[in-house]
Amino acid sequence: MENKKVLISVRNLKKYFPIKRASFLGKPQILRANDGISLDIYEGETLGIVGESGCGKSTLGRVLLQLYPQTAGTTMYYGRSLEELAPKYVAETLKNLPKYLKECQKAEHEYRKLEEECRAKGDEASFELIEKRNDAKGHWEKKLSDVVKVAGGYIVADDLKEASKILLHKYNIDATLVRQQQAIDSLQVKL
């Protein structure tokens, strides 16, 4: 059998959501959307997930895409954890999250303006105008995608500056942990 590269490896993944209402005894309730999932996705293979409605398929996908942070477990991308993969641009994006979101909103406004102009002209819209609108849409979607990749669902937070601080704090902790783990690994090799 040929040796295939593992693209994503998940061990004991858990994703829990708190529910606002408390139980009869006053304990907070938790929705266990995903609990104890382990799987490997290999290069060149396709993974299908089936199950009844509400069983956690979409939540698992969102966790793997990093739209939701996982509650527990380990996820490795190309043999490395998310914290190891987080490049320096992540910190820069988190520091300037409100600015990047404003740029995204400006790009959306430009697209919407061109879309309205195309609709108003109908069949009389020129090829150049339609191309300009399509380019503006692509520009807006790329800006939005870049911000969502880093900030996830926090982009809809009421106080984006506070969300930015929280995410940057978490990033700095994760980066410190990775550096410490790398130092430990280096010392173990020397021993």
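The exercises below, each with a worked solution, deal with salt bridges, a buried asparagine, a helix and the cysteines of one structure.

The model is predicted, so that local features need pLDDT of at least 70 and side-chain atom pairs count only at pLDDT 80 or more, while totals for chains, interfaces and linings use all residues. Residues are numbered from 1 along each chain as its sequence is written, and side-chain values use heavy atoms, with hydrogens and water left out.

**Exercise 1.** Find how many salt bridges the whole structure holds, and describe the pairs K113 with E110 and R119 with E115.

*Solution.* Begin with the rule, which asks for a side-chain nitrogen of Lys or Arg within 4 Å of a carboxyl oxygen of Asp or Glu. A search of the whole structure with this rule finds nine salt bridges.

Next, take K113 and E110, whose side chains meet in a salt bridge at 3.5 Å from N to O. These two residues stand three apart in helix α4 (residues 97-121), which means that about one helical turn separates them; helices here are DSSP runs of H or I with at least four residues, strands are runs of E with at least two, and both are numbered from the N terminus. For accessibility, buried means under 20% relative accessible area, exposed over 50%, and partly exposed in between, with a 1.4 Å probe and protein chains only. K113 is partly exposed at 46%, and E110 is partly exposed at 31%.

Then turn to R119 and E115, which form a salt bridge at 3.4 Å from N to O and are four residues apart in helix α4, again about one helical turn. Here R119 counts as exposed, at 58% relative accessibility, whereas E115 counts as buried, at 14%. Elsewhere, salt bridges that share partners join K14, R32 and D35 into one network.

**Exercise 2.** Describe the surroundings of N34, beginning with its place in a strand.

*Solution.* First locate N34, which belongs to strand β2 (residues 28-42). Its relative accessible area is 3%, and therefore N34 is buried. Now list its contacts, meaning heavy atoms within 4.5 Å: leaving out residues up to four places away in sequence, N34 touches L13, K14, K15, Y16, G56, T59, L60 and V63. Finally, look at L60 in that list, whose backbone nitrogen lies 3.3 Å from a polar atom of the N34 side chain.

**Exercise 3.** Compare the expected span of helix α4 with the distance between its end C-alpha atoms, and name its buried residues.

*Solution.* The expected span is 1.5 Å times one less than the number of residues. For the 25 residues of α4 this gives 36 Å, and the end C-alpha atoms are 36 Å apart, so the two values agree. The buried residues of α4 are L97, L101, C104, A107, Y111, L114, E115 and C118. Just after the helix, G122 takes a positive phi of about 60°.

**Exercise 4.** Count the disulfides, and decide whether C118 is buried or exposed.

*Solution.* A disulfide is a covalent bond between the sulfur atoms of two cysteines. The test used here is a pair of cysteine sulfur atoms within 2.5 Å, and by this rule the count comes to zero. As for accessibility, C118 is buried, with a relative accessible area of 7%, whereas C55 counts as partly exposed at 37%.

Notes
Polar contact = N/O pair within 3.5 Å; in protein donor to acceptor, adjacent residues only side chain to side chain.
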